[in-house]
Amino acid sequence: MRDGARRRRVRRLAMGGAVVLALTGMNGPWVYRFSTERYHRYTIDKPAYKAENGHWDIVRFPERYRLNTIHAALLHTGKVLLVAGSGNNQDNFDAKKFDTRLWDPAKGTVRSIPTPADLFCTGHTQLADGNLLIAGGTKRYETLKGDVTKAGGLMVVHNENPDKPVTLPAGTRFTGTENGRTFVSKDPVLVPRAKKVFDRATGAFLRNDPGLGRIYVEAQKSGRKYQTGTQDNYRVRGLTGSDARNTYGIAQKLALDKKDFQGIRDAFEFDPVAERYIKVDPMNEARWYPTLTTMSDGRILSLSGLDEIGQLVPGKNEVFDPRTRKWTYTKGIRQFPTYPAVSLTQNGEMFYSGSNAGYGPDDVGRDPGIWNVATNKFTRLPGLSDPTLMETSGTVLLPPAQDEKYLVVGGGGVGESRLSSRRTRLIDLKDRNPRFVDGPELEKGTRYPQSSILPDDTVLVSGGSEDYRGRGASDILQARIYRPSSNTFDRVADPLVGRNYHSGSILLPDGRVMFFGSNPLYADRADTKPATFEQRIEIYTPPYLYRGSRPALGGGPKTVARGGSATFTSAHASSIRTARLIRPSASTHVTDVDQRSVALDFERTANGITVTVPKNRNLVESGWYMLFVTDGRGTPSRARWIRVP
């Protein structure tokens, strides 16, 4: 903590002590009736405290509009899309009760939006036209070991016919050639034709590499006796002729083990103007827990996730073309854990920090690096501290984005590990040989930290928990502001609500930050009482909004091209020190690859300012942005919405 921040903390404590002594001297018995909670409220509501530390407020929706917010995205209308899907509630899933709310923070209104599929644990990102692309979600909830009644698992179907693919309907039966047990598929599967392989030197035919299809199968009846313990080949019942000769299944153990969540292929755009979902072509792969992020050419990359049989998608990534609304595979195979933090760099490649939010082997795809999607080349980046504690860590591109420096915050061990990291790590991608170095340490090991870029070139870091999903009452009721200019944290006002799994934060157009969600396992320190989902939304008002007047912008265009300029009126032009374009957030599971703050050159005019947008499309991706200006005290204006085509 910086010396200035330490002095402020001492000053706050001294002020509180003086108030207690004064009250005790005037009315001893009264001070004991003045509860700790009331005194705390008295302290944090004082104008001087707010000006130093900011302030937290809870937003309470009417009961009929409350929901388990899993995903949130700021739209260019200024409204916030709150997506629950089934909200991690299997009763909702079984009843096909899928929820979305549209909240207007400025007016305080909220309305329900018809939700076409279970968008619980989907992926999302902002599109150039202002729509939100949403892809993936939940096909089936997990079943824990002990609750599984029918043996089942993955069946890999082989097709050795190079002349045609094979389609197997749901309900196809597979009978083991050695164990004699029969298993039934739960969904249809298309098995591509075999690929002919030739000798490159001579052109001679070598072999057929079979086409492969993956399908979940389960036993026809319940009971342990239907389990298998070893790999076996399976005959596909109902096939005849060449299909019967060329098509077969291979499965490893089919047992009563835990069955993970399964993903869906469905994809939608949410139109902020029409305020409705629009169905687009489905992905090639089903995905649960995927990351969606923008590439250099404006297409959207969809990464990782659990597939329709509950296994990690085997490195088959794909891209969405907003013009055709169709999906195609990327070149080669590149596997990541679920919800990988992958974002576009200024040279058009993709940066992977190593942050992720959950599923996947502990030794596959966890090294950070730079990825060239076109060639599938991946260059690992060295220096990462606590490299085995990157799950549930947060990653943010520090402002201004031109500097291309990233901050990685906290994290924990793979799966339900109790381990968590106090580390922050920094990397400068403009270095000739970029490598991670440690930043200032956190006070506690922190999983699920929420991080939001602020208009004054700082980052608000808040919440999280020391243990997996807040076990042991380990929520961290602390917030800090990180200052890239000095590489320091300043402790600010403490949040009122604990936030861990399924939580996030979003910068609002008025300069405040909203926090949503939290899905703890238990409600007590002994981990004996099941917890409920945190439905309250909390708003943090940073100190810069307690400094009196703020600059304002008027007039100006709605659209500004890259390399172009725009003029706005302002009565405060002489006080303006910075201008920033901040991309609106789409946040879930400690993953928000959309947020970035781009510095704009500007000139003062007789009646305002003229700002100029950088030319690099990898720095300024097409889409809607919030234009903020700040004065010499760091106080921001309200945002003006600007579209960069």
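This passage describes the overall build of a protein chain and then turns to one of its glycines, G315. The model is a predicted one.

A good place to begin is the secondary structure, where the protein chain has 6 helices and 48 strands. Its radius of gyration is 27 Å, close to the 26 Å expected from the globule rule for 645 residues, so the chain is as compact as a globular protein of that length. Along the principal axes, the C-alpha atoms occupy a box of roughly 95 × 65 × 45 Å.

The interior and the surface can be taken in turn. Of the 645 residues in the protein chain, 57% are buried. Among contacts with a separation of 6 or more, 61% join residues 24 or more positions apart. On the outside, the accessible surface of the protein chain amounts to about 27300 Å², and carbon and sulfur atoms contribute 49% of that area. The protein chain carries 93 positive and 68 negative charges, and the mean positions of these two sets lie 2 Å apart.

For a closer look, G315 offers a helpful local example. This glycine sits in the loop that runs between β23 (300-303) and β24 (318-321). G315 counts as buried because its relative accessibility is 2%, and the cut-off for buried is under 20%. When neighbours within four places in sequence are set aside, the contacts of G315 are with G332, I333, R334 and Q335. Another glycine, G365, is 50 residues from G315 in sequence, while the C-alpha atoms of the two are 9.3 Å apart in space.

Notes:
Residues are numbered from 1 along each chain as its sequence is written. This is a predicted model: local features need pLDDT of at least 70, side-chain atom pairs count only at pLDDT 80 or more; totals for chains, interfaces and linings use all residues. Side-chain values use heavy atoms; hydrogens and water are left out. Helices (H or I, at least four residues) and strands (E, at least two) are DSSP runs, numbered from the N terminus. Buried means under 20% relative accessible area, exposed over 50%, partly exposed in between (1.4 Å probe, protein chains only). Contact means heavy atoms within 4.5 Å. The radius of gyration is taken over C-alpha atoms; the globule rule is 2.2 Å times the number of residues to the power 0.38. Accessible areas come from the Shrake-Rupley method with a 1.4 Å probe; for residues, only the protein chains shown count as cover. Lys and Arg count as positive and Asp and Glu as negative; His and the chain ends are not counted. The place of a charge is taken as NZ of Lys, CZ of Arg, CG of Asp or CD of Glu.
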